[in-house]
Amino acid sequence: MTEAWEPQIEPRASKPASRSFPIGLTVATAIGIAILVALGVWQLQRLKWKEGLLAQIAALQAAPARPIEPVLDGLSRGRDVDFTRVTADCPGLAAAPFVEMYGIIDGQAGTRLISACEVASARYRTVLVDRGFVPDTVTARPAVDAASKAPMRVIGILRKPERGNLFTPPNKPERWFLRDAAGMARQLHAAAPAPYFMMAETVTNPEFKDLVAAPLPTDIPNRHLEYALTWFGLAGALVGVYAAALFKRMRA
């Protein structure tokens, strides 16, 4: 008996799965590119800020020092006096009590000595003066005589206290790691401290040679353009890798 013939219908060839548009890869790539570009833009913003800062520092090197009281009075009117060069009369500063703050200069760890100076501002009664830096290789400290009123005129630069981070050790009475005007003033029994620190340019202890005035960093790096180009370059490389992967996938 002859079997009935049944036509064989070949199934329609389906489009290989590998040729489907890679949505997940595209989304991941887009997110990566957005992050890299955002980092590059942020570095350009930092570049603009750093250039302004360096220009301000360069200008103040030759700027005449202004009496500190009018400058501090300007704070009540919302003025930013960061990096303003000022002068103050601080009787007895060479023998004044001080707190010790950790610092690093040119890779050398040490201590910055900070004392209070009375001022005749309308709002503030004292300003904390960073008298200078003593390396850790020196254990001696200047003599203290709270009763001393020896005249001393100090020229320095006003600076905002820096902000700490998660890695900044907590301040202790015997060792400070973060500038805290209110806290240091309490320890020094100084009334109504200004929220800025005066970084002394002039020598405050002529007889104690190991205390060196260090008002500004000796070298402020400015590599933000380099960092920005790096982020933008990585974004461009990611675009190239994605395009190559997509071309290979669609041709498979």
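**Checking the labels on this fold**

Me: How many salt bridges does the rule give?
Reply: The count comes to 9 salt bridges, where the rule asks for a side-chain nitrogen of Lys or Arg within 4 Å of a carboxyl oxygen of Asp or Glu. Keep in mind that this is a predicted model: local features need pLDDT of at least 70, side-chain atom pairs count only at pLDDT 80 or more, and totals for chains, interfaces and linings use all residues. Residues are numbered from 1 along each chain as its sequence is written, and side-chain values use heavy atoms, with hydrogens and water left out.

Me: Why do arginine 85 and glutamate 201 get called a salt bridge?
Reply: Their side chains come to 3.0 Å, N to O, and the limit is 4 Å, so the pair qualifies. Arginine 85 sits in strand β2 (residues 85-89) and glutamate 201 in the loop between β7 and α4 (224-251), so this one links parts of the chain 116 residues apart. Helices (H or I, at least four residues) and strands (E, at least two) are simply DSSP runs, numbered from the N terminus.

Me: What makes arginine 85 buried?
Reply: Its relative accessible area is 18%. Buried means under 20%, exposed over 50%, and partly exposed in between (1.4 Å probe, protein chains only), so arginine 85 makes the buried class. Its partner glutamate 201, at 23%, lands in the partly exposed class.

Me: How do you know that arginine 179 and glutamate 162 meet in a salt bridge?
Reply: The N to O distance is 3.5 Å, so it passes the cut-off. Both residues are in the loop between β6 (153-159) and α3, 17 residues apart. Arginine 179 is buried at 11%, while glutamate 162 is partly exposed at 34%.

Me: Why is the link between arginine 223 and glutamate 226 called a salt bridge?
Reply: At 2.7 Å, N to O, the pair meets the rule, so the label holds. Arginine 223 is partly exposed with a relative accessible area of 42%, and glutamate 226 is partly exposed with 39%. Elsewhere, Arg112, Asp130, Glu162 and Arg179 make one network through salt bridges that share partners.

Me: What makes β4 and β5 a pair of strands?
Reply: Two strands pair if DSSP finds at least two bridges between them. Strand β4 (residues 108-118) and strand β5 (residues 126-135) have 9 and run antiparallel, so they pass. Serine 115 has valine 129 in β5 as its bridge partner, and alanine 116 has leucine 128. With 4 bridges, β5 and β7 pair too, in the parallel sense; threonine 126 stands opposite proline 193 in β7.

Me: Why do β1 and β3 stand at the edges?
Reply: The open sheet has 7 strands in the order β1-β2-β6-β7-β5-β4-β3, with mixed pairing. β1 (66-67) and β3 (99-105) each have a single partner strand, so one side of each has no neighbour in the sheet. Helix α3 (residues 181-188) packs on the sheet, touching β3, β4, β5 and β7 (193-200); contact means heavy atoms within 4.5 Å. The direction of α3 makes about 85 degrees with that of β7, using lines fitted to C-alpha atoms (for helices, over the stretch in contact), with angles from 0 to 180 degrees between N-to-C directions.

Me: How do you know that β5 is largely enclosed by the rest of the structure?
Reply: 10 of the 10 residues of β5 are buried, so the description fits.

Me: What makes the phi of phenylalanine 83 stand out?
Reply: Phi is near 70 degrees, a positive value in a residue other than glycine. Most residues other than glycine have a negative phi. Phenylalanine 83 is in the loop between α2 (68-73) and β2 and is buried at 8%. Histidine 189 also isn't a glycine and has a positive phi of about 60 degrees. Histidine 189 lies in the loop between α3 and β7 and, at 75%, counts as exposed.

Me: Which residues form the nonpolar patch on the surface?
Reply: Phe21, Ile23, Val27, Ile31 and Ile35 form it, with about 500 Å² of accessible area together (Shrake-Rupley method, 1.4 Å probe, only the protein chains shown counting as cover for residues). Patch members have over 30% relative accessible area and no salt bridge; nonpolar side chains (Val, Leu, Ile, Met, Phe, Trp, Tyr) are joined within 5 Å, like charges within 9 Å. Phenylalanine 21 lies in the segment before α1 (23-62).
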